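Biologist: I am new to this structure and would like to be guided through it. May we proceed by question and answer?

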Amino acid sequence: MTQRPRAVLAFGPPSLVGQIFTPDALARITAVLDVDVEQVVTETGSDAARRLLADAEVLLAGWGAPRIGVEHAPLLRAVVYAGGVASTCLDDPAAHAARGLVAANARAVNAVPVAEYTLAAILLANKRAWAAERSYRASRRLPDRADERADLGNYRRTVGIVGASQVGRRVIELLRPFDLDVMVYSPELDAESAAALGARYGTLDEVAARSDVLSLHQPVLPETVGQIDARVLALLPDGATLVNTARGAVVDEAALLAELRTGRIDAVLDVTEPEPPAADSELWDLPNVVLTPHIAGSAGGELHRMGDHVAAEAERYAAGLPFAHPERLAPRNPGGAAHA
């Protein structure tokens, strides 16, 4: 029988193992890797943790995992991360990569629930569901259909996507069955590549100016911090809704609050900067804001999707196959910064 690669789990707290992995997923992992699922590394300072890491060829890690140095795990050859960026649990990703370490993450898997939340938010925003709920609760009577707005509903409305990230692309895919006009802005796209995704290309200004719902999916980079500023927000049509499931930092909050105070636009915010908003932030009280506590990503039973993904990647590694969702640890050019 072929010897199974030695592996170790690293999470903080250890209870995450039970939340992320079903018994079936753990059985799949232990069938191909030599790992004690009862022993979870949460730090690198103790003798017990160092003994586990010293023999490990594979690291199965996730949220709260400590940063592993080359000196901690000299035999380490693979990291499978139950989260977006495997390199967050390595103190020097490039040094690990130089020794032949390969990595995989679950970013594509975690994009699924974020995109699903976003789809629901878009469809409900165009139906003005939250305003209708508030009005219905206050009046306790059915609305007069004669007063219904002509722009209500999802037929031939325009949805703008900012950022062709994995989530952004998944949202575009989920929008295909609907009678919606989908536009996208992302710096790496042009008209042809946007069309291949199933959307029309536009500049950021063009997409903002035409969107009944503008949905944000760009990463936090120096050039995207505060990208949705007063100028961009002013381009949104009256009655538009801003949906943010990306990161709060991509929006200029002061500018957003200024627009929201007027009642001209609405917002669905699953992320803010900071999280949660300050106790005295107007975001808590404005009637045209839907505020959810960063729930779009994997939660509850959805975590099992990530556990199944880690198990599948472990099986691929043990079979000598490349990872299905690899993460590049080393820079493309010598002297460059490592990034995923």
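Modeller: A crossing of two helices is called right-handed if the near helix is turned clockwise from the far one by less than a right angle, and left-handed if anticlockwise. Please bear in mind throughout that this is a predicted model.

Biologist: Which hand has the crossing of α5 and α7?

Modeller: Two packed helices are described by the angle between their axes and the distance between the axes. Here helix α5 (residues 107-126) and helix α7 (residues 166-175) have axes that come within 8 Å and cross at roughly 50°. That angle makes α5 oblique to α7. As for its hand, the crossing of α5 and α7 is right-handed.

Biologist: What is the order of the strands in the open sheet of 6 strands?

Modeller: Strands of a sheet pair through backbone hydrogen bonds, either parallel or antiparallel. In this open sheet the pairing is mixed. The edge strands, each pairing on one side only, are β2 (40-41) and β13. Read across the sheet, the order is β2-β1-β3-β4-β5-β13.

Biologist: Do β4 and β5 run parallel or antiparallel?

Modeller: Strand β4 (residues 78-82) is joined to strand β5 (residues 102-105) by 4 bridges. Within this pair, Val79 stands opposite Ala103 in β5. The chain passes from β4 through helix α4 (residues 93-98) to β5, a β-α-β crossover that is right-handed. The direction of β4 and β5 is parallel.

Biologist: Which residue of β13 stands opposite Ala103?

Modeller: Strand β5 is also joined to strand β13 (residues 326-327), by 2 bridges, and these two strands run antiparallel. Ala104 stands opposite Pro326 in β13. For Ala103, the residue opposite in β13 is Glu327.

Biologist: Which residues does the UniProt domain annotation cover?

Modeller: The annotation comes from an unreviewed UniProt entry and reads "domain: D-isomer specific 2-hydroxyacid dehydrogenase NAD-binding". In the model, the annotated span is 33% helix and 16% strand, and its end C-alpha atoms lie 11 Å apart. According to the record, the domain covers residues 120-296.

Biologist: In which loop is Pro274 found?

Modeller: The peptide bond from Glu273 to Pro274 is cis, with omega near 5°. A further cis peptide bond runs from Glu275 to Pro276, with omega near -10°, and Pro276 lies in the loop between β11 and β12. Pro274 is likewise found in the loop between β11 (266-269) and β12 (289-291).

Biologist: Is Arg140 buried or exposed?

Modeller: Arg140 has a phi near 60°, a positive value in a residue other than glycine. This residue is found in the loop between α6 (129-139) and β6 (157-162). A residue counts as exposed when its relative accessible area is over 50%. Because Arg140 has a relative accessible area of 74%, Arg140 is exposed.

Biologist: What does His294 count as, given its relative accessibility?

Modeller: His294 is not a glycine, although its phi is positive, at about 55°. The place of His294 is in the loop between β12 and α12 (303-318). Residues from 20% to 50% relative accessible area fall between buried and exposed. With a relative accessibility of 37%, His294 therefore counts as partly exposed.

Key
Residues numbered from 1 in each chain as written. Predicted model: local features only at pLDDT ≥ 70, side-chain atom pairs only at ≥ 80, totals over all residues. Heavy atoms only, no water. UniProt positions renumbered as here; feature names shortened; annotations may be inferred. Buried < 20%, exposed > 50% of the residue type's maximum accessible area, 1.4 Å probe, protein only. Pairing = 2+ DSSP bridges. Right-handed = clockwise from strand over helix to strand, strands pointing away. Axes fitted to C-alpha atoms, helices over the stretch in contact; angles between N-to-C directions. Parallel < 35°, antiparallel > 145°, perpendicular 65-115°, else oblique.
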